[in-house]
Amino acid sequence: MRIATWNVNSLPARLERVQGWIERAAPDVLLLQETKLSDASAPHAFFEGLGYRFAHHGQGRWNGVAIASRVGLEDVVVRFGEPPAVAVELEGEEQVDPMGEARMIAARCGGVRVASLYVPNGRALDTPHYRGKLAWLARLGRWVEETARPDEPLVLGGDFNVAPSDLDVWDPAQLVGGTHVSEPERAAISRLLDWGLVDLYRLRHPEGERYSWWDYRAGMFHKNYGMRIDFLFGTAPIAARCVGSEIDREARKGKPTPSDHAPVVADLDGPGVAFDAGWGAEGRFEKRRGK
DNA sequence: ATGGTGGCCCGGCCA
């Protein structure tokens with residue numbers, strides 16, 4: 001079984017790329033983030049035409065998460081199972097509450113509990129958005145601890161907007177004092193790992209210079225100045241079944257315009273189906289340096 | 001060079 005996660009940065013803007021990638025990578029379960037769609041606009045027929053069932057949790061213009069599965073899709077939960085939040089005032093200090101936003105959907109697919117997660121960006125350390133990010137990550141930790149067990153098949157996938165170690169960023173010195181690398185954010189990821197989740201890509205790839213997100217600006221992708229912030233985290237029974245994992249750098253290249261994130265793939269059981277993930281000869285991306 | 005790109009959808013906001 002192949003599970004993948006991909007922040008598509010708008011599903012309607014990415015439909016052609018998503019269809020091409022599904023045909024190329026043939027995931028059994030695809031976790032999507034940043035669909036930027038309302039539930040009423042969710043493209044169920046598009047996914048059904050490709051052989052997938054589709055569950056979407058959106059709010060329109062921002063955020064939005066979804067699960068496409070061709071191995072069953074049951075027991076859908078959104079927003080950690082909490083009731084819809086009332087409208088949140090975003091102007092005042094300490095009023096930022098990402099809990100009400102469309103950032104979490106979970107389901108059971110092919111005997112595996114999967115969650116598609118879009119962690120708040122946090123903007124900057126001294127903002128209420130950062131404190132909201134930490135609160136959201138704490139809610140995620142509590143949801144995992146209260147509703148799952150480390151010995152059952154569970155996969156958390158998505159855009160975590162955290163680089164867990166300095167090996168996951170192109171230049172740690174440039175990011176000091178910023179979000180994505182702060183100690184509290186990394187502690188929130190450690191909480192998940194300490195509970196029993198395993199970073200499936202890192203399990204198969206100990207090397208650095210492998211990222212899942214590159215800024216659109218300033219040629220960051222071409223210089224391979226990126227961060228590894230998209231993950232598939234699996235419990236021990238999932239890690240034991242994981243025969244391979246890739247970040248598909250090919251999906252970040254070319255036209256039509258790609259997302260700024262690449263898909264992360266993990267294969268459970270069997271040999272998997274090999275594909276060139278675009279990191280260059282011998283699987284190593286040749287870093288190019290700007291003038 | 002204190003920039004740059006891209007998506008929301010048309011004036012800035014967000015990443």
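1. A word on labels before anything else: strands here are DSSP runs of E at least two residues long, and helices are runs of H or I at least four long, numbered from the N terminus. With that in hand, G58 can be placed in the loop between β3 and β4. Keep in mind that this is a predicted model.

2. Staying with G58 for a moment: is this residue buried or exposed? Its relative accessibility is 17%, and since buried means under 20%, G58 counts as buried. Setting aside neighbours within four places in sequence, G58 is in contact with L37, S38, D39, G64 and A102. There is also a long step along the chain to look at: G58 and I105 are 47 residues apart, and their C-alpha atoms are separated by 9.7 Å.

3. Now the sheet that β3 and β4 belong to. What is the strand order? Reading across, you get β3-β4-β2-β1-β12-β11, an open sheet of six strands with mixed pairing. The edges are β3 (53-57) and β11 (242-247); each has a single partner strand, so one side of each is left without a neighbour in the sheet. From one strand to the next, the twist averages 10°.

4. At the β3 edge, the pairing with β4 (residues 65-69) is antiparallel and runs over five bridges. If you want a register to check by eye, find H57, which stands opposite V65 in β4. As a reminder, strands of a sheet pair through backbone hydrogen bonds, either parallel or antiparallel.

5. Helix α1 is worth a look from the sheet side. Which strands does α1 lie across? They are β1, β2 (29-33) and β12 (264-268), and α1 runs at about 160° to β1.

6. R24 sits in α1 and, at 37% relative accessibility, counts as partly exposed. Leaving out residues up to four places away in sequence, R24 touches D248, E250, F275 and D276. With D248 there is a polar contact of 2.5 Å between the side chains. As for F275, 251 residues separate it from R24 along the chain, yet the two C-alpha atoms are 8.3 Å apart.

7. On to the DNA. Strand B is surrounded by N9, S10, R14, R61, Y118, N121, R123, Y216, R217 and T257. Of the atoms of DNA strand B that come within 4 Å of the protein, sugar and phosphate account for 60%. Sorted by class, the protein surface near the strand has four charged, four polar and two nonpolar residues.

8. Which side chains should you inspect for phosphate contacts? Three to pull up are S10, R14 and R123. For S10, an N or O atom of the side chain is 2.5 Å from a phosphate oxygen of DNA strand B. For R123, a polar side-chain atom lies 3.0 Å from a phosphate oxygen of that strand, and for R14 the corresponding distance is 3.2 Å.

9. S10 deserves its own point. It is in the loop between β1 (2-7) and α1 (15-25). Its relative accessible area is 13%, so S10 is buried; do note that this value is computed on protein chains only, and S10 is among the residues around DNA strand B. Beyond four places in sequence, S10 touches E34, T35 and K36.

10. Finally, some backbone geometry I would flag for a second look. Most residues other than glycine have a negative phi, and most peptide bonds are trans. Where does this model depart from that? The peptide bond from K255 to P256 is cis, with omega near -5°, and P256 is found in the loop between β11 and β12.

11. For phi, there are two residues to mention. F80 has a phi near 55°, a positive value in a residue other than glycine; it lies in the loop between β5 (74-78) and β6 (104-109). A218 is not a glycine either, and its phi is positive at about 60°; its place is the loop between α6 (200-204) and β10 (230-234). Their surroundings can be told apart by accessibility: F80 counts as buried at 6%, whereas A218 counts as exposed at 61%.

Definitions and conventions
Residues are numbered from 1 along each chain as its sequence is written. Chains are lettered from A and ligands numbered from 1 in the order in which they are written. This is a predicted model: local features need pLDDT of at least 70, side-chain atom pairs count only at pLDDT 80 or more; totals for chains, interfaces and linings use all residues. Side-chain values use heavy atoms; hydrogens and water are left out. Buried means under 20% relative accessible area, exposed over 50%, partly exposed in between (1.4 Å probe, protein chains only). Contact means heavy atoms within 4.5 Å. A residue is near a molecule or strand if one of its heavy atoms lies within 4 Å of it. A polar contact is a pair of N or O atoms within 3.5 Å; within protein, one must be able to donate a hydrogen and the other to accept it, and residues adjacent in sequence count only if both atoms are side-chain atoms. Ala, Val, Leu, Ile, Met, Phe, Trp, Tyr, Cys and Pro count as nonpolar, Asp, Glu, Lys and Arg as charged, and the others, Gly among them, as polar. Two strands pair if DSSP finds at least two bridges between them. Axes are lines fitted to C-alpha atoms, for helices over the stretch in contact, and angles run from 0 to 180 degrees between N-to-C directions.
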